[in-house]
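Reader: I've got a protein on my screen and I'm not sure where to begin. Could we go through it together, one question at a time?

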Amino acid sequence: MVIVMQVTATDAQIKQVVNRIHSAGLKTFVSSDQSPVIIGLIGDKRMIATMPVEALDGVEKVIPITESYKLASRKFHPDATVIDVDGVKIGGGNVVVMAGPCAVESREQLLEAAALVKEGGAQFLRGGAYKPRTSPYSFQGLEIKGLEYLAEAREATGLKIVTEVTEVTAVDAVAEYADMLQIGARNMQNFQLLKAVGRAGKPVLLKRGIAATINEWLHAAEYILNEGNYDVIMCERGIRTFEEYTRNTLDLSAVGAIKQLSHLPIIVDPSHGTGRWKLVKSMSLAALAAGADGLMIEVHPNPAEALSDGPQSLNPENYQNLMQAVEQMTEFMAKLQ
Ligand code: PEP
Ligand code: MN
């Protein structure tokens with residue numbers, strides 16, 4: 001942040017501004033060899049977030065030159081963050097795949113899905129036990145029973161578990177079973193939930209809100225980081241546009257943008273991003289070409305029978321086919337670097 005003084009500002013006014021900044025525990029850098037005088041602030045600017053600097057005599061304007069999502073910003077952390085989930089690395093050139101059904105539907109369905117996810121080579125099993133459904137009449141998830149099945153699938157396969165938490169009161173239970181907590185698109189700006197997962201001691205997968213700007217999304221990440229949890233993975237899952245052929249519009253430019261603006265890893269979910277299983281493979285490869293650190297893919301042993309998101313779920317054969325293509329693309333991308 002810099003403070004631009006008025007051209008007519010007196011020495012006394014400049015001194016008064018400098019003193020106010022110092023009283024908030026920050027240092028200043030005053031460029032007095034130019035007109036207007038500019039005062040740069042060094043230190044934790046959160047200290048003056050509530051100070052009405054603009055109201056001080058002689059101040060022309062205050063320009064934020066550092067983003068207010070300070071902890072998520074690459075300016076404060078130039079190296080890419082690599083998150084280690086019990087040996088599985090996310091970020092820094094590693095490609096991670098999280099695959100599984102939209103929802104945990106039954107023990108049999110989940111164990112079958114887990115076996116095929118493992119066989120294809122993914123590292124994480126996904127599956128919602130708490131489902132944020134658009135309609136209250138749709139399947140809402142098995143909740144604790146679903147978490148137990150996920151834990152059983154982890155035992156059986158060695159896959160890590162990522163699953164969504166939809167409310168503050170469920171955070172402890174989900175954190176007890178999962179290796180990674182998912183914040184869904186509908187909850188990206190549920191600030192109490194963001195703070196709660198920030199304190200839960202587990203890595204967080206933060207999906208982009210349905211109509212969230214990249215700036216809002218990074219601020220949502222900041223809420224989690226600000227609680228002391230630095231293990232945040234961003235997930236682009238498509239945004240709402242005028243287009244209706246696809247369920248959402250997958251914004252792959254967000255991959256490059258997040259990488260420029262932030263040090264946090266970013267993965268892409270082409271299943272929710274398109275809503276059509278036939279588009280999942282091409283968008284997965286495009287996401288990796290764009291530099292994504294991984295993918296989240298919906299897979300179901302029998303998509304026609306799925307209780308949610310069947311039309312965008314890959315069947316076992318298409319999933320295996322995708323994973324082979326992902327492997328080739330990963331090798332290709334490694335050679336490019
Ligand atoms: C999901 O991953 O199943 C899900 C509900 O995704 P989103 O929050 O991106 O809609
Ligand atoms: Mn889904």
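**A walk through the fold**

Author: Let's begin with charge: the protein carries 32 positive and 39 negative side chains, and the centres of these two sets are 3 Å apart. Keep in mind that this is a predicted model.

Reader: Okay, how many helices and strands does the protein have?
Author: Both kinds of element turn up here. The secondary structure of the protein comes to 10 helices and 14 strands.

Reader: And what box do the C-alpha atoms fill?
Author: The box is taken along the principal axes. Along those, the C-alpha atoms fill roughly 75 × 45 × 40 Å.

Reader: What percentage of the residues are buried?
Author: A residue counts as buried when its relative accessible area is under 20%. The protein has 337 residues, and the buried share is 52%.

Reader: What about the area it exposes: how much of that do carbon and sulfur atoms supply?
Author: The protein exposes about 15,400 Å² in total. Of that area, the share from carbon and sulfur atoms is 52%.

Reader: For contacts between residues at least 6 apart in sequence, what share join residues at least 24 apart?
Author: Here we leave out pairs that are less than 6 apart in sequence. Among the contacts that remain, the share joining residues at least 24 apart is 67%.

Reader: Let's zoom in on strand 12. Why is it largely enclosed by the rest of the structure?
Author: Look at both of its sides: Val-232, Met-234 and Glu-236 point one way, Ile-233 and Cys-235 point the other way, and all are buried. Strand 12 covers residues 232-236, and it is largely enclosed because the number of its 5 residues that are buried is 5.

Reader: How many bridges join strand 11 to strand 12, and which helix does the chain cross through between them?
Author: Strand 11 (residues 204-207) runs parallel to strand 12, and 4 bridges join them. One facing pair is Lys-207 and Cys-235. Between these strands the chain makes a right-handed β-α-β crossover, passing through helix 6.

Reader: On the way from strand 12 to strand 13, which helix does the chain cross through?
Author: Strand 13 (residues 266-268) is parallel to strand 12, with 3 bridges joining the two. Glu-236 stands opposite Val-268 in strand 13. This β-α-β crossover is right-handed too, and its helix, residues 253-261, is helix 7.

Reader: Back to strand 11: are its residues buried or exposed?
Author: Take one side at a time. Val-204 and Leu-206 sit on one side, with Leu-205 and Lys-207 on the other. Both faces of strand 11 are covered, and these residues are all buried.

Reader: Which residue is the bridge partner of Gln-182 in strand 11?
Author: Gln-182 is found in strand 10. Strand 10 (residues 180-183) pairs with strand 11 in the parallel sense over 3 bridges. From strand 10 the chain reaches strand 11 through helix 5 (residues 191-198), in a right-handed β-α-β crossover. In strand 11, the partner of Gln-182 is Leu-205.

Reader: Then which residue in strand 12 does Leu-205 stand opposite?
Author: Leu-205 belongs to strand 11, and strand 11 is joined to strand 12 by bridges. Opposite Leu-205 in strand 12 stands Ile-233.

Reader: Is Gln-182 buried or exposed?
Author: Beyond its neighbours within four places in sequence, Gln-182 is in contact with several residues, including Arg-126, Val-162, Leu-205 and Met-296. Its relative accessible area is 4%, so Gln-182 is buried.

Reader: Where is His-300, and is it buried or exposed?
Author: His-300 sits in the loop between strand 14 (294-298) and helix 10 (316-336). Outside its neighbours within four places in sequence, its contacts include Pro-101, Glu-105 and Leu-314. With a relative accessible area of 4%, His-300 is buried.

Reader: How far apart are the C-alpha atoms of His-300 and Gly-310?
Author: Along the chain, these residues are 10 apart. In space, the separation of their C-alpha atoms is 7.6 Å.

Reader: Last pair: are Asp-86 and Asp-309 buried or exposed?
Author: Asp-86 lies in the loop between strand 5 and strand 6, and its phi is near 45°. Asp-309 lies in the loop between strand 14 and helix 10, with a positive phi of about 60°. At 63% relative accessibility Asp-86 is exposed, whereas Asp-309, at 17%, is buried.

Methods:
Residues are numbered from 1 along each chain as its sequence is written. Chains are lettered from A and ligands numbered from 1 in the order in which they are written. This is a predicted model: local features need pLDDT of at least 70, side-chain atom pairs count only at pLDDT 80 or more; totals for chains, interfaces and linings use all residues. Side-chain values use heavy atoms; hydrogens and water are left out. Helices (H or I, at least four residues) and strands (E, at least two) are DSSP runs, numbered from the N terminus. Buried means under 20% relative accessible area, exposed over 50%, partly exposed in between (1.4 Å probe, protein chains only). Contact means heavy atoms within 4.5 Å. Accessible areas come from the Shrake-Rupley method with a 1.4 Å probe; for residues, only the protein chains shown count as cover. Lys and Arg count as positive and Asp and Glu as negative; His and the chain ends are not counted. The place of a charge is taken as NZ of Lys, CZ of Arg, CG of Asp or CD of Glu. Two strands pair if DSSP finds at least two bridges between them. A crossover is right-handed if, with the strands pointing away from the viewer, the path from the first strand over the helix to the second runs clockwise.
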